Structure formats: C-alpha cells, structure tokens
Amino acid sequence: MRVKRLSLVLICALMALAIVPAARHALAEETKPDPGLSDVLTDLLHGVEGENATSGPDKRVPFGREEVQLSFAPLVKQTAPAVVNVYASQTAKVTSPFDGDPFFEEFFGRSQPRAQSSLGSGVLVDPTGVVVTNFHVVKDADQVKVATADGREFDSKVLLKDETLDLAVLKISSDKPFPVIAIGDSDALEVGDLVLAIGNPFGVGQTTTSGIISAVARSHIGVSDSSFFIQTDAAINPGNSGGALVNMGGQLIGINTAIYSRSGGSIGIGFAIPSNMVRAFADAAKAGLDFFERPYAGAEFEAVTPQIAESLGIDKPTGALVSSVEEAGPAAKAGLKPGDVVLSLNGKPVESVGALDYRMATLSIGTNASFGVLSKGQQATMDIALERPPEGAKAAELTLRGRSPFSGAKVAELSPRLAQRLGLRTDVKGVAVVDINRDSPAADFGFQPGDIVREVNGLTIDKAATLEQVAQQDTRWWRFTVERGGQILRQVLRY
C-alpha cells in the first residue's frame with residue numbers, strides 16, 4: 001500500500017514538471033508585444049525569412065563584418081583586361097600673318113604644322129579586336145593607337161564613327177583573341193544599382209571607381225545629339241571617355257562619355273551612352289556599313305508642349321507628336337497621321353522625341369515595331385515595318401573646283417538615306433555639303449558637312465550640277481544663302 005502511494009506521488013510530480021514550462025511558454029506568447037520598427041529593420045538586415053520577414057527585392061544592405069569586407073576585386077580582374085587606352089594624333093594647320101609674303105618669309109620662315117594628340121579609353125567588345133570608344137576621342141585623327149591592359153600597343157583602323165551619337169568603332173589585329181566584356185541590357189538598369197567605371201583618367205593609367213546609377217534617360221547634356229544617357233556618381237574624369245561602365249554581373253552597360261564639372265574634375269555627375277545603343281552601333285560597324293543606319297519609318301516627330309498636351313486631353317506633356325508622314329512610306333501604310341502622338345514603342349514608354357529616336361535606333365532594319373499611338377483621342381496600336389532609308393535617285397557626289405568659296409566641298413542632292421547620314425530630317429530636300437577638304441577654300445570659309453546651299457548669286461540651287469556650274473563663274477563677288485541646323489545664313493563676300 002505504501003509503495004503504491006509513492007508511485008502515485010512520483011507520477012504527479014513528473015506531470016507537474018511537464019505542465020509548468022508549457023504554461024510559461026503559453027503565457028509568454030500571450031504577453032509578447034507586437035514586433036516594433038527596430039525588430040523589422042533587424043530582420044530585414046539579417047534577411048530573415050518567415051512570418052516576421054518583410055516582402056521585397058533580393059537586394060539588401062550588407063550586415064556583419066564578413067559582408068562589409070566583400071571586394072570588387074574579382075569583378076575588376078574579370079573586366080579590366082578588356083578596357084584599353086586610345087591615343088589619337090593629328091597634324092593641325094597653323095596659319096601665320098606672314099605666310100605668302102616673300103620678305104617676311106625670308107626672315108621668319110613659313111609656319112609649320114603642329115602635332116596635336118588626345119587621350120581616351122576604349123572597350124573591347126569582340127575577340128577579333130573590335131574596340132568601342134567615343135567619337136570625340138578620335139575626331140579628325142590622322143593616327144589612332146590602342147594600348148591594351150597587358151602593355152601591348154596596336155595601330156588601329158576606324159571602322160565607323162558618328163558625331164551625333166559620339167561613338168566610334170576601331171579595329172586592331174592580333175594572332176590571339178582579345179579579352180572582351182559582354183554587352184548587357186541597359187534597359188534593365190534601375191536607379192541605385194551598383195556600377196564600376198574603368199578607364200584611364202588624366203593619363204595616369206587604368207583606374208577603377210565605383211558608384212551607383214543616379215538616373216537614366218538624361219538628356220540635353222550638350223555632348224552629342226543623343227537624348228538618352230545614363231547618369232552615375234562613379235568618378236569619371238578627362239581620359240575616362242570611351243571607357244567601360246560595368247554592372248555587378250560583369251556586363252558592359254554603358255560607354256563613359258562626359259562629366260558635368262566646373263573645375264575639370266569629377267564632382268559625381270557623369271554620363272554614359274547606354275549599352276543597347278553601343279550594341280547596335282558595333283553591329284553596324286562589324287557589318288561594314290559606311291554610316292550608322294537608323295530604321296526608317298517615313299515619319300517626322302516633334303515635342304509635345306504643355307499647350308499641345310492640353311489640347312489633346314493628355315495629363316502631361318509626354319510622347320512624340322507626328323509632324324509629317326512620308327507618302328507611301330511604312331508609317332503611312334500602317335495608318336499613322338500628322339497630329340497623332342506616339343506614347344510607347346514595343347511596350348516601352350516614349351517620354352520625348354529623344355526617347356523615341358533612341359529606341360528606334362536600337363531596333364533592327366527589316367523588323368516590325370509596335371507603336372502605341374493616341375489618335376483622335378483614342379489609343380491604338382500600330383505595327384510599322386522598319387525599312388532601310390530610301391536612296392532616291394542616288395545622284396553622284398560632286399567635288400567642286402575652281403576659284404570660288406565652295407572649292408573643295410563635296411556636294412550631293414539629298415535623299416532620306418543621305419539626310420540621315422548627315423544628321424538631318426529625312427524629309428529635307430536640296431543640295432547638301434557631304435564632306436570638306438580640310439586644306440580648301442570651303443574649309444577656310446567655314447562650310448560644314450550638313451550645310452544645305454539654297455541660293456548662289458541670285459540662282460536657286462536645286463541640283464548638284466547647278467551648284468557645280470555656278471561655282472565656275474568668273475567673278476570675285478559671291479552672295480549665297482545656306483541653311484544650317486534649321487537656320488538661314490546669308491553671306492556676301494569678295495574672293
């Protein structure tokens with residue numbers, strides 16, 4: 001009997017020991033306060049999963065000593081060998097007030113040409129030796145040399161260059177393949193993404209700086225006609241032009257082009273040409289094109305002003321207003337009309353004419369593009385074929401001779417393809433200056449490629465042959481009218 005009582009007491013004690021912790025745990029759960037802001041931030045920093053974790057992207061700030069000590073070194077080792085130095089040199093013509101005077105030339109001699117050089121960077125994007133850099137790095141250069149990261153130096157050939165985009169493609173050759181950086185998708189960039197800028201600032205040697213994407217689709221920065229730049233606070237200085245802007249995946253997402261600075265050094269406002277434009281330009285160069293052909297839709301566009309937006313019932317001035325449509329062109333066939341507003345292209349928003357030009361330029365000729373259009377107050381989608389710009393009659397380019405201010409200028413009648421090549425509206429007609437001999441009267445008088453000669457000595461110029469004939473006149477007095485950048489310039493001179 002006594003043994004039974006002891007057994008019963010022991011069992012009750014064991015049950016009590018099991019119940020008390022459970023009761024304490026239940027009481028703690030009931031009295032536990034709701035998670036505060038500090039708890040949520042702590043969980044977020046730690047990347048906690050579960051019911052206390054907050055939903056959001058995979059990206060987070062580093063936490064802990066191990067993560068703070070992470071390095072960009074592996075990424076730099078992967079990409080830096082594909083970034084090169086570009087050295088361009090040219091012989092500048094120096095004029096002297098004594099040139100042409102036998103007396104002064106005997107004592108002072110003739111003025112001698114002077115060598116000028118520029119320094120920049122470039123990026124290898126093809127193992128065969130295709131290098132992308134900026135146009136202003138190689139502009140008017142007589143010789144361009146490329147030095148790779150391992151110390152080798154190569155003479156290069158300019159395959160393609162475009163001042164309006166501030167891009168140029170060079171070609172170097174070697175028995176072995178070159179290291180390259182894969183071209184990424186610049187449209188996938190977001191403000192705040194980490195990036196590296198690699199180049200040769202101030203000629204001190206290859207340098208890497210880090211930063212973030214500060215903004216996308218920047219325009220009107222004054223370095224080219226392009227209106228779609230990536231802005232970054234990664235330090236970019238003179239000499240970085242043409243260098244690589246690299247994302248954390250080791251992909252090229254931009255070509256460093258310009259900085260905003262009052263001192264000449266970096267203040268954290270740098271700009272890069274998006275990689276999607278770089279890819280299209282490099283493909284054109286590798287295809288052997290003589291200039292960067294943009295797809296032709298047969299329509300011209302202008303900005304949507306606040307007044308136009310209000311008249312069309314648009315909440316804010318956005319999109320590209322159709323100003324003219326070429327008869328029988330691709331846009332006309334699709335139903336696009338003057339007064340329509342393009343709001344998107346292939347599902348991507350079009351905020352301005354510059355944005356539309358950029359997105360059009362990155363598309364391939366021979367494909368169809370889906371235009372989101374506001375037409376007569378109704379939104380519609382139009383599929384427009386992107387074609388090669390028409391060459392028209394393809395009149396021969398004539399180089400003007402004789403004793404006239406036009407001597408040394410190469411001229412031709414405008415077609416949509418030639419107008420695009422010269423950076424003009426594709427609907428412009430007339431006789432345009434295509435090229436200028438640097439040591440010619442035309443260069444001395446300031447003529448530029450893209451100038452449209454409208455009238456000479458009272459005669460309207462509508463054919464290249466007409467201008468060639470007028471330039472042969474035996475006269476010392478010249479009166480002519482030239483259209484440049486949409487402005488009319490009139491000049492009277494004795495030559």
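A residue is called buried when its relative accessible area is under 20%, exposed when that value is over 50%, and partly exposed in between. With that vocabulary in hand, the predicted model described here can be explored through its charged pairs, a surface patch and a few notable loop residues.

A good place to start is Glu293, whose relative accessible area of 6% falls under 20%, so this residue is buried. Glu293 is joined to Arg417 by a salt bridge in which the closest N and O atoms are 2.7 Å apart. The two partners come from distant parts of the chain, 124 residues apart: Arg417 sits in helix α11, which covers residues 416-421, while Glu293 belongs to the loop between α7 (275-286) and β14 (299-303). Arg417 has a relative accessibility of 17% and therefore also counts as buried. The pair does not stand alone, for Asp290, Glu293, Arg388 and Arg417 are linked in a network of salt bridges. In general terms, side chains of opposite charge can pair when their charged atoms come close.

Across the whole model, the count of salt bridges comes to 16. One of them connects Asp142 with Arg438, with 3.1 Å between the closest N and O atoms. Asp142 is placed in the loop between α6 (135-138) and β4 (143-147), and Arg438 in the loop between β22 (431-436) and α12 (441-444), so this salt bridge ties together parts of the chain that are 296 residues apart in sequence. How accessible are the two partners? Asp142 is partly exposed, at 45% relative accessibility, and Arg438 is partly exposed too, at 46%.

A further salt bridge brings together the side chains of Arg454 and Glu483, at 2.8 Å from N to O. Here the link runs between two strands, with Arg454 in β23 and Glu483 in β25 (residues 477-484), and the two residues are 29 positions apart. Their surroundings can be compared through their accessibility: Arg454 has a relative accessible area of 26% and is partly exposed, whereas Glu483, at 19%, counts as buried. The value for Glu483 lies under the 20% limit, which means that this residue is assigned to the buried class. The side chains of Glu483 and Arg454 also qualify as a polar contact, at 2.8 Å. Beyond its neighbours within four places in sequence, Glu483 touches Gly450, Asp451, Ile452, Arg454 and Ile488.

Strand β23 also leads to another residue worth a visit. Asn457 is located in the loop between β23 (452-456) and β24 (459-460). With a relative accessible area of 25%, Asn457 is partly exposed. What does Asn457 touch outside the four places on either side of it in sequence? Its contacts there are Gln473, Thr475, Trp477, Trp478 and Arg479. With Gln473 the side chain of Asn457 makes a polar contact of 2.9 Å. The C-alpha atom of Asn457 is 8.3 Å from that of Val470, a residue 13 places away along the chain.

On the surface, attention turns to nonpolar side chains. Phe72, Leu194, Ile212 and Met248 form a nonpolar patch, and together they offer about 320 Å² of accessible area. Among them, Met248 lies in the loop between β11 (244-247) and β12 (252-259). This methionine is partly exposed, with a relative accessible area of 38%.

Finally, two loop residues deserve a look for their backbone angles. Most residues other than glycine have a negative phi. Ala328, although not a glycine, has a positive phi of about 65°. Its position is in the loop between β15 (320-325) and α9 (330-334), and at 57% relative accessibility Ala328 counts as exposed. Lys376 likewise has a positive phi, near 55°, and is a residue other than glycine. Lys376 is found in the loop between β18 (368-375) and β19 (378-385). Is Lys376 buried or exposed? Its relative accessible area is 79%, so Lys376 is exposed.

Technical notes. Residues numbered from 1 in each chain as written. Predicted model: local features only at pLDDT ≥ 70, side-chain atom pairs only at ≥ 80, totals over all residues. Heavy atoms only, no water. Helix = DSSP H or I, 4+ residues; strand = E, 2+ residues; numbered from the N terminus. Buried < 20%, exposed > 50% of the residue type's maximum accessible area, 1.4 Å probe, protein only. Contact = heavy atoms within 4.5 Å. Polar contact = N/O pair within 3.5 Å; in protein donor to acceptor, adjacent residues only side chain to side chain. Patch = residues over 30% accessible without salt bridge, like charges linked within 9 Å, V, L, I, M, F, W, Y side chains within 5 Å. Areas by Shrake-Rupley, 256 points an atom, 1.4 Å probe, with all protein chains shown as cover. Salt bridge = Lys/Arg side-chain N within 4 Å of Asp/Glu carboxyl O.
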